[in-house]
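This briefing concerns the charged side-chain pairs of one protein chain, a serine beside one of them, and a pocket. Please consult the sequence and the structure while reading.

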Amino acid sequence: MIADRCSKPAHWAGMLILMLSTGLPLAEPVVRDVPIHGNPRQVPVRQIVIHATGGPDCDPSRSFRGGSLEGIVGHFQRNRKRISIHYIIGRTGEVVRMVPETRVAFHVRGHNADSIGIELVNDGDGRDPFTEPQIEALVMLLRDLLARHQLDGAALKSHAELDDSELVCGGRRLKRKVDPGATFPWERIRAALKE
């Protein structure tokens with residue numbers, strides 16, 4: 001995992017070479033552990049699911065509000081019996097690790113057993129931009145996850161792609177999960193992962 005590997009001198013040298021060769025900044029994302037334990041994983045990781053913290057809601061005052069990093073961490077802690085996530089990346093690029101990768105997190109209906117979930121603090125409304133530090137931290141985390149789980153870019157999925165459930169609001173049907181949203185830079189992420 002990132003925190004364990006970044007404490008080793010050989011890993012630092014490798015990360016330095018990787019960052020210099022790819023043009024990534026030399027900033028290491030902060031990794032903080034706020035552990036929540038899920039059930040033991042029974043199958044290998046086959047997917048990495050990208051989420052945004054905001055989304056549609058029947059209450060227009062709550063719809064698409066992404067919140068703050070600390071607020072989202074607290075939300076997962078309070079609701080740990082029904083929802084959970086492996087990683088959260090804040091707007092400043094801080095990475096919070098919650099459910100260990102060896103355990104199942106409850107983040108996407110029907111796909112939890114074989115996936116790792118990453119939440120990005122963002123409204124997910126297709127207008128709120130993802131920050132540079134956030135995207136840089138995500139690329140570093142994805143490189144690490146893909147290498148360790150022997151996956152390629154095809155393993156990256158959006159929450160919207162995997163969850164087709166709907167909300168009924170005032171008689172209207174809305175797609176319940178649309179994240180990470182239209183402003184998520186898929187092409188940039190995929191290109192960075194190929195470098």
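The points below treat salt bridges, then a serine residue, then the largest pocket.

The structure is a predicted model. A search of the whole structure gives 14 salt bridges, and three of the pairs, Arg 32 with Glu 70, Arg 97 with Asp 33 and Arg 176 with Asp 163, are described here. The largest pocket has a volume of about 820 Å³, and Arg 176 is among the residues that lie nearest its centre.

**Salt bridges involving strand E1**

- Arg 32 and Glu 70 form a salt bridge in which the closest N and O atoms are 2.6 Å apart.
- Because Arg 32 belongs to strand E1 (residues 31-33) and Glu 70 to helix H3 (residues 69-78), this pair ties together parts that are 38 residues apart in sequence.
- Arg 32 is partly exposed, at 25% relative accessibility, and Glu 70 is also partly exposed, with a relative accessible area of 46%.
- A network of salt bridges links Arg 32, Glu 70 and Glu 94.
- Arg 97 and Asp 33 meet through their side chains in a salt bridge, with an N to O distance of 2.5 Å.
- Arg 97 is in strand E4 (residues 95-97) and Asp 33 is in strand E1, so the salt bridge ties together parts that are 64 residues apart in sequence.
- Arg 97 counts as buried at 5% relative accessibility, whereas Asp 33 is partly exposed with a relative accessible area of 46%.

**The pair Arg 176 and Asp 163**

- The side chains of Arg 176 and Asp 163 form a salt bridge of 2.9 Å, N to O.
- This pair links distant parts of the chain, 13 residues apart: Arg 176 is in the loop between strand E8 (172-175) and helix H6 (186-194), and Asp 163 is in the loop between helix H5 (159-162) and strand E7 (166-169).
- Arg 176 is buried, with a relative accessible area of 19%, which places the residue under the 20% cut-off.
- Asp 163 is likewise buried, at 2% relative accessibility.

**Ser 165 beside the pair**

- Ser 165 lies in the loop between H5 and E7 and counts as buried at 16% relative accessibility.
- The side chain of Ser 165 makes a polar contact of 2.6 Å with the side chain of Asp 163.
- A further polar contact, of 2.6 Å, joins the side chain of Ser 165 to that of Arg 176.
- Ser 165 thus has polar contacts with Asp 163 and Arg 176, the partners of the salt bridge described above.
- Apart from neighbours within four places in sequence, Ser 165 is in contact with Arg 109, Leu 174, Lys 175, Arg 176 and Lys 177.

**The largest pocket**

- The lining of the largest pocket comprises 30 residues, and Thr 53, His 75, Ile 83, Arg 176 and Lys 177 lie nearest the centre.
- Strand E2 (47-52) and H3 each contribute at least two residues to this lining.
- H3 provides the largest share of the lining, five residues; Glu 70, the salt-bridge partner of Arg 32, lies in that helix.
- Sorted by class, the lining has eleven charged, ten polar and nine nonpolar residues.
- Arg 176 and Lys 177, both nearest the centre of the pocket, are also in contact with Ser 165.

Methods: Residues are numbered from 1 along each chain as its sequence is written. This is a predicted model: local features need pLDDT of at least 70, side-chain atom pairs count only at pLDDT 80 or more; totals for chains, interfaces and linings use all residues. Side-chain values use heavy atoms; hydrogens and water are left out. A salt bridge is a side-chain nitrogen of Lys or Arg within 4 Å of a carboxyl oxygen of Asp or Glu. Helices (H or I, at least four residues) and strands (E, at least two) are DSSP runs, numbered from the N terminus. Buried means under 20% relative accessible area, exposed over 50%, partly exposed in between (1.4 Å probe, protein chains only). A polar contact is a pair of N or O atoms within 3.5 Å; within protein, one must be able to donate a hydrogen and the other to accept it, and residues adjacent in sequence count only if both atoms are side-chain atoms. Contact means heavy atoms within 4.5 Å. On a 1 Å grid over the protein atoms alone, a cavity is a set of points where a 1.4 Å probe fits but cannot get out, and a pocket is an open set with protein on both sides within 12 Å along at least five of seven lines; lining residues have an atom within 4 Å of a point. Grid points are joined across faces, edges and corners, and a volume is the space filled by probe spheres set on the points. Ala, Val, Leu, Ile, Met, Phe, Trp, Tyr, Cys and Pro count as nonpolar, Asp, Glu, Lys and Arg as charged, and the others, Gly among them, as polar.
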